[in-house]
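Let's walk through this protein together, one feature at a time. Keep the sequence beside you as we go from the surface inward and back out again.

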Amino acid sequence: MSPDLAIVIVTYNSAHVVGDLLDSLPAALDGVKADVVVVDNGSSDETAGLVAARGGCRVVQAANIGYAGGINRGVREAAQAEAILVLNPDVRLH
């Protein structure tokens, strides 16, 4: 069954903020089935490892292909869905 929503998060050295975004998703989604893809744009910090260890989303590691390139890569990697939500890692959903 396809998800209702594909969420693409593009990160770069975002270990200090991305966890709070991921923590905010379950309550904000309120039962909406979502495929969450985090595109790590060549971070030199622990962003990719931190996200992978949390579970609940897929991490795609990429060379730094820029923000738009990261979005495009995430959309290609995400499951087909009715809608796509693109988020910066410092966003919090309420």
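A surface patch here is made of residues with over 30% relative accessible area and no salt bridge, with nonpolar side chains joined within 5 Å. Please also keep in mind that what you are looking at is a predicted model.

With that in hand, let's start on the outside. Tyr-67, Val-75, Ile-84 and Val-86 together make a nonpolar surface patch of about 320 Å². Two elements give two or more residues each to this nonpolar patch: helix 3, covering 66–77, and strand 4, covering 83–87. Take Tyr-67 as an example, a residue of helix 3. Its relative accessible area is 41%, so Tyr-67 is partly exposed, and that value also satisfies the patch cut-off of over 30%.

Now stay on helix 3 and look at Ile-71, which belongs to this helix too. Is Ile-71 buried or exposed? Its relative accessibility is 19%, so Ile-71 counts as buried, the limit being under 20%. Ile-71 also has a neighbour from another part of the chain: Val-10 is 61 residues away in sequence, yet the two C-alpha atoms are separated by 6.5 Å.

Helix 1 offers a similar story. Val-18 lies in this helix, and with a relative accessible area of 0% Val-18 is buried. Its C-alpha is 7.8 Å from that of Val-51, although their positions lie 33 residues apart in sequence.

Helix 1 also leads us to the largest pocket, which has a volume of about 180 Å³. Which elements each supply at least two residues of its lining? They are helix 1 (15–29) and strand 2 (34–41), and helix 1 gives the most, with four residues. Among the lining residues you will find Leu-22, Leu-25, Pro-26 and Leu-29, along with Ala-34, Val-36 and Arg-54. Gly-55, Gly-56 and Cys-57 are also part of the lining. Sorted by character, the lining has seven nonpolar residues, two polar and one charged.

Let's finish with the charged pairs. How many salt bridges does the structure hold? There are four, and three of them make good stops on our tour.

In one of them, the side chains of Asp-20 and Arg-92 meet at 3.7 Å, N to O. This pair links distant parts of the chain, since Asp-20 is in helix 1 and Arg-92 is in the segment after strand 4, 72 residues apart. Asp-20 is partly exposed at 42% relative accessibility, and Arg-92 is partly exposed at 28%.

Another salt bridge joins the side chains of Asp-35 and Arg-58 at 2.6 Å, N to O. Asp-35 sits in strand 2 and Arg-58 in strand 3 (residues 58–62), so this contact ties together parts that are 23 residues apart in sequence. Here the partners fall into separate classes: Asp-35 counts as buried, at 13% relative accessibility, whereas Arg-58 is partly exposed, at 33%.

Our last stop brings us back to helix 3, where the side chains of Arg-73 and Glu-77 meet in a salt bridge of 3.3 Å, N to O. Because Arg-73 and Glu-77 are four residues apart in helix 3, about one helical turn separates them. Arg-73 counts as partly exposed, with a relative accessibility of 23%, and Glu-77 is partly exposed as well, at 33%.

Note on methods: Residues are numbered from 1 along each chain as its sequence is written. This is a predicted model: local features need pLDDT of at least 70, side-chain atom pairs count only at pLDDT 80 or more; totals for chains, interfaces and linings use all residues. Side-chain values use heavy atoms; hydrogens and water are left out. Patches are made of residues with over 30% relative accessible area and no salt bridge: like charges are joined within 9 Å, nonpolar side chains (Val, Leu, Ile, Met, Phe, Trp, Tyr) within 5 Å. Accessible areas come from the Shrake-Rupley method with a 1.4 Å probe; for residues, only the protein chains shown count as cover. Buried means under 20% relative accessible area, exposed over 50%, partly exposed in between (1.4 Å probe, protein chains only). On a 1 Å grid over the protein atoms alone, a cavity is a set of points where a 1.4 Å probe fits but cannot get out, and a pocket is an open set with protein on both sides within 12 Å along at least five of seven lines; lining residues have an atom within 4 Å of a point. Grid points are joined across faces, edges and corners, and a volume is the space filled by probe spheres set on the points. Ala, Val, Leu, Ile, Met, Phe, Trp, Tyr, Cys and Pro count as nonpolar, Asp, Glu, Lys and Arg as charged, and the others, Gly among them, as polar.
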